[in-house]
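Here are my notes on the model you sent over. I've kept them as numbered points so you can go through them with the structure open.

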Amino acid sequence: MIPIIFTLVLLGVLLTLFNMDIRKNVLEIANKIPIVQNWVPDPVAVDTEKQTVEQAASSDTTIKQLKAELAKQETTLKKAQEEKTAQDTQVKSLQAQVEKMKTEAAAVAVTTQAVDDPYQKNVTDLAQLYAGMKAANAALIMANLTNEEMVQIFSVMSNSSKTAILEKMDPKKAAEVSIKLKETTTSTDMAIAALQSRLKKDTPTTATTGTSANLDKAKLVQTFTTMPAANAAVLLGSMYTISPDKVLTILNSVSDSVRSSILGEMTKNDSEQTAKVVNRLMGGK
């Protein structure tokens, strides 16, 4: 028995060293035996089973790799979406800051203009007064103003207040004012237009009520006394080219301090014209 056992062990070692499929060989030999072949499986079936197991193991490995890659891609996509959301938030924040800076700059510009020009400050305060009223009440009061005066007030009023008041006004009046708003230029031009429209409106009223000439003169004196010297100088300079005598009448009617201030501003605008006015005031031609 010892030689037989030794031979079998040696044979197994050799088969192992040569990497031979012992099970397959044994099944092939057994399938050649007439009776035994019914008891053992075919070698091909064994190989197929082995391949199936190997393929299943390979498929599991591939699926695991694909799942890992998919999880990695989902993490990358999620990170990109978070970065995009953060960028959108930052852009909105920057846009809000820009709008805020624009609003503050506009407010500073209006405030600076109001501080530099007392007349413009009065117009701004009046516009804020109307804006603080109910739109219907403000529209009712402003209906008594001239179109030029309303344009001057609307020009320093916010769009929301302007819209609310215009909606409550007479449609024809609102349309006329809207057209003039589109044609507005500088605050000085609007101030001159407003004053001229007021003088034009008051003149027929004075004539029909039989008010004396002295009363007209008093109104003019009061108007130019309360008006800022710079605006009065621009207005009188424009009037001088049309009616020099009226300009001289106005300057002769106001007080010395008011006349001095107006002439000083007129000199800044047109020194040659001012010299002619002073010469006429002194009796020259």
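1. Which helix holds both aspartate 125 and lysine 121, and how many residues apart are they? Both are in helix H4, which covers residues 118-132, and they sit four residues apart, or about one turn of the helix. Their side chains meet in a salt bridge, with N to O at 3.1 Å. Aspartate 125 comes out as partly exposed at 34% relative accessibility, and lysine 121 is also partly exposed, at 40%. Bear in mind throughout that this is a predicted model.

2. Now the overall picture. I get 14 helices and zero strands, so to speak an α after α pattern read along the sequence. The protein has 285 residues, and 24% of them count as buried. About 19900 Å² is exposed, with carbon and sulfur atoms supplying 60% of that area. On contacts: taking those with a separation of 6 or more, 59% are between residues 24 or more positions apart.

3. Back to charge pairs. Side chains of opposite charge can pair when their charged atoms come close. Searching the whole structure turns up six salt bridges, and the one in H4 is among them. Another joins aspartate 88 to lysine 84, at 3.2 Å from N to O. Both of these residues belong to helix H3 (residues 43-116), and they too are four residues apart, about one turn of the helix. Aspartate 88 is partly exposed, its relative accessible area being 35%. Lysine 84 reaches 51% and counts as exposed, because the cut-off for that class is over 50%.

4. Helix H13 has a salt bridge as well, between glutamate 265 and lysine 268, where the closest N and O atoms are 3.6 Å apart. Here the spacing is three residues, again about one turn of the helix. How exposed or buried is each partner? Glutamate 265 is partly exposed, with 22% relative accessible area, while lysine 268 is exposed, with 64%.

5. Helix H14 (residues 271-281) deserves a look of its own. Its residues Gln273, Thr274 and Val277 are buried. Why do they end up on the same side of H14? They cover an arc of only 100° around the axis, and that puts them on one and the same side of the helix. The cover over the buried residues of H14 includes helix H11 (229-242), helix H12 (244-253) and helix H13 (256-269).

6. Within that set, zoom in on threonine 274, which is found in H14. It counts as buried, at 4% relative accessibility, because buried means under 20%. Which residues does threonine 274 contact, once its neighbours within four places in sequence are left aside? They are Leu263, Met266 and Thr267. H13, which spans 256-269, is listed among the cover for the buried residues of H14.

7. Please check both ends of H14 too. At the N-terminal end, aspartate 270 acts as the cap: one of its side-chain oxygens lies 3.3 Å from the backbone nitrogen of glutamate 272. After the helix comes glycine 283, with a positive phi near 100°.

8. At the other end of the chain, there is a nonpolar patch on the surface. What forms it? Met1, Ile4, Ile5, Leu8 and Val9 do, and together they have about 550 Å² of accessible area. One of them, isoleucine 5, is found in helix H1 (residues 2-17). Isoleucine 5 has 47% relative accessibility and counts as partly exposed.

9. A last spot to click on is lysine 219, placed in helix H10 (residues 213-226). Lysine 219 is partly exposed, at 41% relative accessibility. How far is its C-alpha atom from that of leucine 199? The two C-alpha atoms are separated by 9.4 Å, and the residues are 20 apart along the chain.

Terms used. Residues numbered from 1 in each chain as written. Predicted model: local features only at pLDDT ≥ 70, side-chain atom pairs only at ≥ 80, totals over all residues. Heavy atoms only, no water. Buried < 20%, exposed > 50% of the residue type's maximum accessible area, 1.4 Å probe, protein only. Helix = DSSP H or I, 4+ residues; strand = E, 2+ residues; numbered from the N terminus. Arc of directions from axis to C-beta. Contact = heavy atoms within 4.5 Å. Polar contact = N/O pair within 3.5 Å; in protein donor to acceptor, adjacent residues only side chain to side chain. Patch = residues over 30% accessible without salt bridge, like charges linked within 9 Å, V, L, I, M, F, W, Y side chains within 5 Å. Areas by Shrake-Rupley, 256 points an atom, 1.4 Å probe, with all protein chains shown as cover. Salt bridge = Lys/Arg side-chain N within 4 Å of Asp/Glu carboxyl O.
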